[in-house]
Amino acid sequence: ARAEGCRTQVTLQTLSPAILTRFMRALSIKDAVCAYADVLPQQGVLPEVERCLADQLVVEGNFDAVLMLPDDHVLRQEAPAVSGAMAAMDQGEWAQAADALSEISRRSPFAPWRVFCRGMACFCTEDDVGAQRAAKLIPDDFVLADVAAGWLLDAPEDVRGLVWDGVMGVE
């Protein structure tokens, strides 16, 4: 029941980046990008939110959503390269996907995807050192962080099992 006289209203602009990120994860990518485009002029660039949006763009594969962002926005500028790399990712051609993402900067919201593809390429060629180095660069909030954690030789057995027991198609 609502208290009498209560006039509280929450707007996206009043949410912290952490809460806004959680909210964005619950939306479709189209709605999330639209909401972020509304927040962008007031709050400016929010890296945590943009990494979340980058993950959603790749997972949902709906790169048309970035057309709601300004022409000079990094998500809009880099979306074509990431979209192009997805076919290689889907085929398990991780080195090819990483090469397609070579122009993605380390500061980009898509940077974890570049590192992930490079890590998968290392893992698939049994380059344990390269895979572990990549795993350490993957942020904890990355959508596939649990997979990357499995590249670490000192990871708990249940985490290592995600990758090492053939779930990723490597035996």
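Which element supplies the largest share of the lining of the largest pocket? The structure is a predicted model, in which local features need pLDDT of at least 70, side-chain atom pairs count only at pLDDT 80 or more, and totals for chains, interfaces and linings use all residues. Residues are numbered from 1 along each chain as its sequence is written, and side-chain values use heavy atoms, without hydrogens and water.

The answer is α6, with six residues. Helices here are DSSP runs (H or I, at least four residues), numbered from the N terminus. A pocket is an open set of points on a 1 Å grid over the protein atoms alone, where a 1.4 Å probe fits, with protein on both sides within 12 Å along at least five of seven lines; lining residues have an atom within 4 Å of a point. The largest pocket holds about 370 Å³ of space. Its lining comprises 14 residues, of which Arg 106, Arg 114, Val 115, Arg 118 and Leu 137 are the closest to the centre. Both α6 and α7 supply at least two lining residues. By class, the lining has eight nonpolar, two polar and four charged residues.

One cavity of 30 Å³ or more is present. A cavity differs from a pocket in that the probe cannot get out. Its volume, the space filled by probe spheres set on the grid points, is about 30 Å³. Arg 25, Arg 51, Cys 52, Asp 55, Pro 112, Asp 141 and Phe 142 line the cavity. Helix α3 (residues 47-60) gives the most, with three residues. Four lining residues are charged, three are nonpolar and none is polar. In this scheme Asp, Glu, Lys and Arg are charged; Ala, Val, Leu, Ile, Met, Phe, Trp, Tyr, Cys and Pro are nonpolar; the others, Gly among them, are polar.

The largest nonpolar core (buried Ala, Val, Leu, Ile, Met, Phe, Trp, Tyr and Cys residues joined through side-chain atoms within 4.5 Å) has 52 residues. Helix α2 gives the most to this core, with eight residues. Met 89, Phe 110 and Trp 151 have the most contacts inside the core. Beyond neighbours within four places in sequence, Met 89 is in contact (heavy atoms within 4.5 Å) with Trp 94, Ala 97, Leu 101, Trp 113 and Cys 117.

His 73 lies in the loop between α3 and α4. This residue counts as buried because its relative accessibility is 7%; buried means under 20% relative accessible area, exposed over 50%, and partly exposed in between (1.4 Å probe, protein chains only). Leaving out residues up to four places away in sequence, His 73 touches Tyr 36, Leu 40 and Glu 50.
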